[in-house]
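Open the structure in your viewer and follow the stops below. Each one says what to select and what is there.

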Amino acid sequence: MSTVNPTFPATKSIFHTLHKAPHSKPFNHVPNHILIRRPRMSAVQSKVLLHDDRSSSTTFPPPAPPPPKQIELAYPVAIEVDKVTEAELKENGSRSTRRTKLVCTIGPATCESDKLEALAVGGMNVARINMCHGTREWHRAVIERVRRLNEEKGFAVAIMMDTQGSEIHMGDLGGAASAKAEDGEIWTFSVRAFNSPCPERSVSVNYDGFAEDVKVGDEVVVDGGMVRFVVVEKTGPDVLCRCCDPGLLLPRANLALWRNGSLVRERNAMLPTISSKDWLDIDFGIAEGVDFIAVSFVKSAEVIKHLKSYIAARSRGNNLAIIAKIECIDSLKNLEDIIQASDGAMVGRGDLGAQIPLEQVPAVQKKTIQLCRQLNKPVIVASQLLESMIEYPIPTRAEVADVSEVVSQGADALMLSGESAMGNYPEKALAVLRSVSLRTERRWREQKQHDTMELPAIGSSISTYISEEICIAAARMANDLDADAVFVYTTTGHMASLLSRGRPHCPIFAFTPTGSVQRRLNLQRGVIPFLLTFTNDMESNLNRTFFLLKARGMIKSGDLIVVVSDILQSIQVIKVP
Ligand SMILES: Nc1ncnc2c1ncn2[C@@H]1O[C@H](COP(=O)(O)OP(=O)(O)OP(=O)(O)O)[C@@H](O)[C@H]1O
Ligand SMILES: CC(=O)C(=O)O
Ligand SMILES: [K+]
Ligand SMILES: [Mg+2]
């Protein structure tokens, strides 16, 4: 380990600097007053503004907020990064680190500390808890264990809470782990609540309108088609159904009704996206400080806006991100608005495949990934990626091809569901996601593939437009120059996310002073989030970062770095001294 060197040389080898300050040439057409209203200003601007007469209401540009205090930091301040990523950087160099992020659903197979640790070591970036199952106490214990591992073992695993939603689902089978439905058997689906244990071949249904809505001849599709029934008779609150596709019924499995080849959207379509139970779970998530809330069965952007304003009022200063789950037929009509209103999206292929014909699911997946990229929102692809690994230690070739395709399509993250929640091989499944991602990403880079996706302007102000352009240009420069990394100093994570949108071939080292921003960046493809306090003196930031990263073996002299600054709105290309 190197010792502190107070005379560590200043950055010398800047051989190219594109300085996009407000008055430089490329933005001559931009009226100054708009630029000066940016929330953060360059050091030069700050100084000028300090001499403004702030009390005068006629002054133009209008009074700006005071510049951020510049704290001079002693040389070695701590830099924190997830220890698994650190090991990967040391071992393989930055170019070969994994870009695709991995989400694991935590269930009975993985809820203990040793199992959670094994997943974290295996590359889990986000732990997902599904409020469809288990009690709040159970979930609280999982959250506490993840937090403790982060603190004690140096991981940076984020927590995602997934709501139940109020679509139609079965009850909990009176406590049984599962129930087998055989071909031709008659089962009773009832709106009555049963005492446990349930009467034989009976399940309760959470939706009170169920018996009124169904018609004889309707198909009841359980768990996206794992089991199927046909309605043969209705008697009061009970609906008698004959099993036509036998299989295992699991507690709280989702139910979809089909009639004449299409989904029944009657009064059940009026069920709220966020149920009263979900609101309690959301309060729980806010209180526990989870990083993401994934909202099930989102139908419109309004519900996301409503939830965001609720959260903003309750969790001051918190960085809770809302992920819209695209998993119902109604979400498809409003896809763009929903994604725009959210902080990210998840393609929930499980429930989606119960609501639209299966052969349409791949197109929805592809479209959602594309829209998310264009609108700069991270996107997770979920369900059945490695379904056979619930039972077997190796995946099918088709599953491997599917995972590889999702990575090629440019998704930010892959998710394990039953494979990690209740499967026999959670760590092996995670290892498959990791190795397939790495191999697919490498092939992409080796073939020097540049994707040609149009990235439209998305910001509403000139300053956000400048940020977007800088990030697109920086990503392209990094590819053309074969850079080892892009560095970005970011307080809100926004610049890091814009860089991720440009999908450079090298990783993005995002330095942020806030733990919640660091964890939130765990969902962005190609971003390695570091916790680091920085100032608005870019040269000192860079020198400090080079010093700290070199000392830890995460970069080395001669590495080529593209540096993007939020503060200066600039791009620099630097060889690490
Ligand atoms: N906390 C838990 N307790 C018990 N079992 C769980 C838990 N979480 C998940 N499982 C089991 O793992 C399976 C897959 O979990 P997952 O949460 O991914 O379900 P899903 O049906 O894909 O998601 P969703 O309900 O959001 O559509 C569940 O069907 C359930 O059997
Ligand atoms: C993940 C999820 O909710 C689904 O696939 O339905
Ligand atoms: K859910
Ligand atoms: Mg679902």
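**Stop 1: the magnesium ion**

Select the magnesium ion (ligand 4): Glu327 (OE) and Asp351 (OD) coordinate it at 2.0 Å. Keep in mind that this is a predicted model.

Now color by secondary structure. Glu327 sits in the loop between strand S15 (321-326) and helix H9 (329-333), while Asp351 belongs to helix H11 (residues 349-355), so the pair ties together parts that are 24 residues apart in sequence.

Is Glu327 buried or exposed? Its relative accessibility is 2%, so Glu327 counts as buried. The cut-off for buried is under 20%.

**Stop 2: the potassium ion**

Next, select the potassium ion (ligand 3). It lies 5.2 Å from the magnesium ion (ligand 4).

Which residues coordinate the potassium ion (ligand 3)? Show Asn130 (OD1), Asp162 (OD) and Thr163 (O), which do so at 2.7 to 2.9 Å. Along the sequence, these donor residues follow the spacing N-x31-D-T. Asp162 and Thr163 are both buried.

**Stop 3: ligand 2**

Select ligand 2 and show its surroundings. The residues around ligand 2 are Lys325, Glu327, Met346, Gly348, Arg349, Gly350, Asp351, Ala382, Ser383 and Met415. You have met two of these names already: Glu327 and Asp351 also coordinate the magnesium ion (ligand 4).

Sort this shell by class. Three of its residues are nonpolar, three are polar and four are charged.

Now color the shell by element. Strand S16 (344-348) and H11 are the elements that give two or more residues to the shell around ligand 2. H11 gives the most, with three residues.

Turn on distances for the polar contacts:

- Ser383: a polar side-chain atom is 2.4 Å from an oxygen atom of ligand 2.
- Gly350: a backbone N or O atom is 2.8 Å from an oxygen atom of ligand 2.
- Glu327: an N or O atom in the side chain is 2.8 Å from an oxygen atom of ligand 2.

Switch to a surface view. On its own, ligand 2 has 210 Å² of accessible area, and the protein covers 92% of that.

**Stop 4: ligand 1**

Move on to ligand 1. How many residues surround ligand 1? There are 16, and the closest are Arg128, Asn130, Lys325, Asp351 and Ser417. Some links to earlier stops appear here. Asn130 is a donor to the potassium ion (ligand 3). Lys325 is also listed around ligand 2.

By class, the shell around ligand 1 holds six nonpolar, seven polar and three charged residues. Strand S3 (126-130), helix H5 (136-153) and helix H14 (418-421) each supply at least two residues of this shell.

Check three contacts in turn. A polar side-chain atom of Lys325 is 2.9 Å from an oxygen atom of ligand 1. For Arg128, a side-chain N or O atom is 3.0 Å from an oxygen atom of ligand 1. For Ser417, the distance from a side-chain N or O atom to an oxygen atom of ligand 1 is 3.2 Å.

Return to the surface view. The protein covers 82% of the 610 Å² of accessible area that ligand 1 has on its own.

**Stop 5: helix H16**

Finally, select helix H16 (residues 462-480). It has 19 residues, and at 1.5 Å a residue they should span 27 Å. Its end C-alpha atoms are 27 Å apart, which agrees.

Step just past H16 to Asp482. This residue takes a positive phi of about 55°.

Note on methods: Residues are numbered from 1 along each chain as its sequence is written. Chains are lettered from A and ligands numbered from 1 in the order in which they are written. This is a predicted model: local features need pLDDT of at least 70, side-chain atom pairs count only at pLDDT 80 or more; totals for chains, interfaces and linings use all residues. Side-chain values use heavy atoms; hydrogens and water are left out. Donors are N, O and S atoms within 2.8 Å of the metal (3.2 Å for Na, K and Ca); water is not among the atoms, so sites may look incomplete. Helices (H or I, at least four residues) and strands (E, at least two) are DSSP runs, numbered from the N terminus. Buried means under 20% relative accessible area, exposed over 50%, partly exposed in between (1.4 Å probe, protein chains only). A residue is near a molecule or strand if one of its heavy atoms lies within 4 Å of it. A polar contact is a pair of N or O atoms within 3.5 Å; within protein, one must be able to donate a hydrogen and the other to accept it, and residues adjacent in sequence count only if both atoms are side-chain atoms. Accessible areas come from the Shrake-Rupley method with a 1.4 Å probe; for residues, only the protein chains shown count as cover. Ala, Val, Leu, Ile, Met, Phe, Trp, Tyr, Cys and Pro count as nonpolar, Asp, Glu, Lys and Arg as charged, and the others, Gly among them, as polar. The expected span of a helix is 1.5 Å times one less than its number of residues.
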